Amino acid sequence: MSAEAFGHTGFTGTSLWIDPVRGVYAVLLTNRVHPGGQGDVVSLRSQIASCVAAALSPGDAAQILSSGRSLTGHHELQKSFTGQGLRNGRVQTGIDVLSANQFAPLAKKRVGLITNHSGLDSKGRRTIDLFCKSPKVRLVSIFAPEHGPAGLADAKIPSSADPATGLPIHSLYGESKRPTEKALADLDALVFDIQDVGARFYTYLTTLGYALESAAEKGKDFYVLDRPNPITGLSVQGPVLDARLRSFAGYFPMPVRYGMTIGEAARMFNAENKIGANLHVVKMQGYQRADWFDETGLMWVNPSPNLRTLAQATLYPGVAMVEGANVSVGRGTGTPFELIGAPWIDSRDLAAYLNKRRVQGVRFVPVQFSPAGHQYENQTCQGVQVVLLDRQALDSPAMGVEIAGALFQLYPKYFQIDKTIHSIGSPEVLKALKEGKDPQWVFLRWQTPLQEFIELRSKYLLY
């Protein structure tokens, strides 16, 4: 085929390939999922393509050259994910925009700021300090989510004081996970400025929801200083949370990867849960929905202790789906959420099984590791390292279901699959995996509720 050729393969086994230079097309119509759902047409596709190629005359190469287009092989020489086409943006987050407007919306208001170490402007200055220096706004108190104001804690956090300003810091991950009546008494408004991760089971979302509820109950204004979704605001993937499984790690019935900014999520929570808060979102400038974090021009700050790179944040919505069970996901190592292992796993068997599944965008390498903390502390674990090859091709929640299915198929006596229910979020998906259904079949089963969420989400998008 020439470099101008293009095509598509379908889940059920269909394929379409067109070469406009040669004037050749090949269409395969078949159904690998009928009747048992276990068919594989990869070799068949290859044989058909070979038959088509064999029927082409040798003179076609001259036709390609005379067309002025490059020969086939050009795209095959490119890496699966390169820097070509990446954007070098200059995104201004909500705090940048608010500061440029001299904090006008908050003039003369007594403010409580919900933030942590990720609350920085594009120049690296703390939102706390910018508020304190503004003559137009009075910052009264600070509220800190899980992991604390410095983003380093992995346990409940106490209330404290900010060393630089002396302002009180009220914990939202201690005795109470909501702003208390006493902490709200002297405030006119709450402002939320925290970098989210883009995964449903990240607790910053629930802190946002709880704070919205508290603000509405006490009649306080609520402002969200918007920030990018680091794994793009486009991709919406994974099973939708069953409403019966709502918890602090699952505030709203949304898919694992929900494709919204924190400001857009606030708008959805406020309307769909009928919270009724007086909500204002300070929009970003220069942001595009397709932006990965490294395309925004903003400085990366670890949103929590065990998410240290954008690659880990990309893998997180999939790998974390099995974290509730008896497996290590690399916490206590230098590469959390790039590892999956346990003492009862055979590294090579698991890697071979998962690689045979041909999960797009990743490769699984057999490894051995010993976590310094968390699950299986100081024990030798065998497992796999998840190597991210193509972040655009990866459906991370689908990968998570593949991992859960592999562990259950290979180690049914050891893997505690029922403990994944809150991260998977769907009893139907869990049931299908326990029944031995192919994960690709399971993937199809969550498409209808996923499309329903996409329609709901569309009402609240700002960019």
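Helices and strands are named here as DSSP runs, a helix having at least four residues and a strand at least two, and they are numbered from the N terminus. The model treated in these exercises is a predicted one.

**Exercise 1. The largest pocket**

Determine which helices and strands each supply at least two residues of the lining of the largest pocket, and which of them gives the largest share.

Solution. Begin with the pocket itself, whose volume is about 1,200 Å³. It is lined by 39 residues, and those closest to its centre are Arg-32, Arg-357, Arg-358, Glu-402 and Gln-440. Next, look for the elements that each supply at least two lining residues: these are strand E1 (6-9) together with the helices H1 (42-55), H9 (347-356), H10 (396-410) and H13 (439-445). Among the contributions to this lining, the largest share is that of H10, with six residues. Finally, sort the lining by residue class, which yields 15 nonpolar, 14 polar and 10 charged residues.

**Exercise 2. The second largest pocket**

Describe the second largest pocket by its volume and by the residues that line it.

Solution. The volume of the second largest pocket is about 570 Å³. Of its 24 lining residues, Phe-201, Ala-249, Tyr-316, Glu-323 and Arg-331 are the closest to the centre. Sorted by class, the lining of this second pocket holds 10 nonpolar, nine polar and five charged residues.

**Exercise 3. The two faces of helix H12**

Work out which residues of helix H12 are buried, and why they lie on the same side of the helix.

Solution. First, take buried to mean under 20% relative accessible area and exposed to mean over 50%. By this cut-off, Val-429, Leu-430, Ala-432 and Leu-433 are buried in H12, which spans residues 427-434. These four lie on the same side of H12 because they cover an arc of only 160° around the axis. Turning to the face directed away from this buried side, one finds the exposed residues Glu-428 and Lys-431. The partners of the buried residues come next: they pack against strand E10 (237-240), H10, helix H11 (421-424) and H13. Just after the helix, Gly-436 adopts a positive phi of about 80°.

**Exercise 4. The partners of strand E15**

Establish in which sense, parallel or antiparallel, strand E15 pairs with E13 and with E14.

Solution. Consider E13 (residues 339-342), which pairs with E15 (residues 381-388) in the antiparallel sense over four bridges. Within this pairing, Ala-342 has Gln-382 of E15 as its bridge partner. Then consider E14 (residues 362-369), which also pairs with E15 in the antiparallel sense, over eight bridges. Here Arg-363 stands opposite Val-387 of E15.

Methods
Residues numbered from 1 in each chain as written. Predicted model: local features only at pLDDT ≥ 70, side-chain atom pairs only at ≥ 80, totals over all residues. Heavy atoms only, no water. 1 Å grid on protein atoms, 1.4 Å probe; cavity = no way out; pocket = protein on both sides within 12 Å on 5 of 7 lines; lining within 4 Å. Points joined across faces, edges and corners; volume = space filled by probe spheres on them. Nonpolar A, V, L, I, M, F, W, Y, C, P; charged D, E, K, R; others polar. Buried < 20%, exposed > 50% of the residue type's maximum accessible area, 1.4 Å probe, protein only. Arc of directions from axis to C-beta. Contact = heavy atoms within 4.5 Å. Pairing = 2+ DSSP bridges.
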